[in-house]
Amino acid sequence: MNDDSLLDLEFEIIGGDFNQAGRVSTRLKSILKEVGFNPQVVRRVAISTYEAEMNVVMYARRGVLRFKASPQRISIVIEDEGQGIENIEMAMKEGYSTATDEMREMGFGAGMGLPNIKRNSDRFEITSEIGKGTRLKVTIIAGDGTRS
Amino acid sequence: MVSKGETVETNKKSETALVVLTLREVKEILNCEVLVGEAQLGMEIWGACAADLMSDVLAFSIPDSLLLTGLVNAQSVRTADVAEVKALVYIRGKKPDAGALQLAQEKGIPVLASNFTMYEACGRLYLRGLKSAATIVSKNE
């Protein structure tokens with residue numbers, strides 16, 4: 001952790017718990033607002049982490065979201081233990097989905113999650129192993145950082 | 001009498017002008033019941049997004065816009081909160097469940113309910129000049 005680190009946080013996400021889904025990302029959003037990050041940056045972080053959190057809830061047993069922020073750069077790593085993604089290239093296509101009816105009833109599973117995360121990030125890295133889980137790293141440049 | 005040229009000019013203006021409605025006007029246009037946020041009806045709405053798929057809302061909404069949806073669970077409110085959507089209208093006589101209402105109260109997001117179908121609700125707002133959030137997003141990109 002370097003000197004200008006503002007935040008270094010870790011949250012647990014429980015798979016299958018649809019009632020709690022979204023709590024981590026909305027909590028993170030409140031923290032970023034309080035710290036005073038640019039509202040557009042806050043919105044991009046909130047959307048990315050919400051989609052990622054929903055993916056863990058829908059497809060994994062559990063997951064961890066690690067969040068680090070300096071005034072210039074935000075780094076989010078979401079690692080889960082779950083079924084993994086069979087075909088990442090397909091999963092990145094808008095509209096491609098392996099969601100169940102239950103997931104769709106929640107308003108998710110339309111095949112927009114990963115593309116939405118990528119659209120809101122400056123750097124997007126994903127690796128996955130079938131039967132083990134998925135690791136997603138998102139970097140968002142905070143521009144001129146926090147508001148003075 | 002309006003000449004042909006003047007009519008074209010008027011249309012051009014209506015295409016570019018950004019219409020802002022208050023939530024009170026939205027309530028009247030859609031004949032809504034206010035379930036949360038009676039005191040917030042003076043707020044300004046800059047655009048609208050209509051979807052039952054929350055990822056579409058995350059992709060195509062803008063801050064300070066209105067979300068029209070038929071999804072009644074808490075994820076509709078959480079999505080509104082994440083995307084900075086200012087107010088929610090549930091359509092087709094649908095009412096949000098208890099979890100959604102409680103979350104809306106906690107987050108201070110007004111919730112309205114209309115008996116119009118999604119199609120008619122959107123049409124009525126569009127006729128009054130409220131732009132699609134997606135149009136505003138693409139113009140800003």
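In the predicted model, 3 salt bridges are counted between chain B and chain A. Two of the pairs that meet the criterion share a lysine of chain A. A:Lys29 is bridged to B:Asp81, with the closest N and O atoms 3.4 Å apart. A:Lys29 is also bridged to B:Glu84, and here the closest N and O atoms are 2.7 Å apart. The latter pair crosses between chains, joining helix H1 of chain A, which holds A:Lys29, to the loop between H4 and S6 of chain B, which holds B:Glu84. Over all chains, the search of the whole structure returns 16 salt bridges.

Polar contacts were counted across the interface of chain B and chain A as well, and 13 residue pairs satisfy the rule with both residues at pLDDT 80 or more. On the side of chain B that touches chain A, the elements contributing two or more residues are helix H3 (54-60) and H4 of chain B. H3(B) supplies the largest share of that side, 6 residues. Sorted by class, the side of chain B that touches chain A comprises 10 nonpolar, 5 polar and 6 charged residues.

In terms of contacts, 21 residues of chain B meet 23 residues of chain A. The area buried between chain B and chain A is about 1800 Å², of which 52% lies on carbon and sulfur atoms. Within chain B, the residues that lose the most area to chain A are B:Gln75, B:Arg78 and B:Val82; together they account for 34% of what that side buries.

The fold of chain B includes an open sheet of 5 strands in the order S2-S7-S6-S5-S4, with mixed pairing. Its edges are formed by strand S2 (33-36) and strand S4 (48-50) of chain B, each of which pairs on one side only. From one strand to the next, the twist averages 25 degrees. Within this sheet, strand S6 (residues 87-90) and strand S7 (residues 111-113) of chain B are paired in the parallel sense over 3 bridges. One bridge links B:Tyr90 to B:Ala113 in S7(B).

Two helices of chain B lie across these strands. Helix H4 (residues 74-82) of chain B crosses strand S5 (66-69) and S6 of chain B, and its direction is at about 150 degrees to S6(B). Helix H5 (residues 98-107) of chain B lies across S2, S6 and S7 of chain B, at about 75 degrees to S2(B).

Chain A also contains an open sheet of 5 strands, here in the order S1-S2-S3-S5-S4 and with antiparallel pairing. Strand S1 (7-14) and strand S4 (123-129) of chain A have a single partner strand each, so one side of each edge strand is left without a neighbour in the sheet. Direction ignored, neighbouring strands of the chain A sheet are turned by 10 degrees against each other on average.

The antiparallel pair of S4(A) and strand S5 (residues 133-141) of chain A extends over 7 bridges. In this pair, A:Arg123 stands opposite A:Thr139 in S5(A), and A:Ile126 stands opposite A:Leu136 in S5(A). The hairpin of S4(A) and S5(A) has 3 residues between the strands, and A:Gly131 adopts a positive phi near 80 degrees there.

Helix packing on the chain A sheet involves two elements. Helix H2 (residues 39-59) of chain A lies across S1, S2, strand S3 (73-82) and S5 of chain A and runs at about 160 degrees to S2(A). Helix H1 (residues 23-35) of chain A packs on the sheet and touches S1 and strand S2 (60-69) of chain A, its direction making about 165 degrees with that of S1(A). Helix H1 of chain A is the element that carries A:Lys29.

A further feature of chain A concerns a loop glycine. A:Gly95 is located in the loop between helix H3 (88-91) and helix H4 (101-105) of chain A. Residues up to four places away in sequence being excluded, A:Gly95 touches A:Ala110, A:Gly111 and A:Met112. The C-alpha atoms of A:Gly95 and A:Gly113 are separated by 9.2 Å, the two residues being 18 residues apart along the chain.

Key. Residues are numbered from 1 along each chain as its sequence is written. Chains are lettered from A and ligands numbered from 1 in the order in which they are written. This is a predicted model: local features need pLDDT of at least 70, side-chain atom pairs count only at pLDDT 80 or more; totals for chains, interfaces and linings use all residues. Side-chain values use heavy atoms; hydrogens and water are left out. Two strands pair if DSSP finds at least two bridges between them. Helices (H or I, at least four residues) and strands (E, at least two) are DSSP runs, numbered from the N terminus. Axes are lines fitted to C-alpha atoms, for helices over the stretch in contact, and angles run from 0 to 180 degrees between N-to-C directions. Contact means heavy atoms within 4.5 Å. Buried area is the accessible area (1.4 Å probe) that two parts lose on being put together, summed over both. A salt bridge is a side-chain nitrogen of Lys or Arg within 4 Å of a carboxyl oxygen of Asp or Glu. A polar contact is a pair of N or O atoms within 3.5 Å; within protein, one must be able to donate a hydrogen and the other to accept it, and residues adjacent in sequence count only if both atoms are side-chain atoms. Ala, Val, Leu, Ile, Met, Phe, Trp, Tyr, Cys and Pro count as nonpolar, Asp, Glu, Lys and Arg as charged, and the others, Gly among them, as polar.
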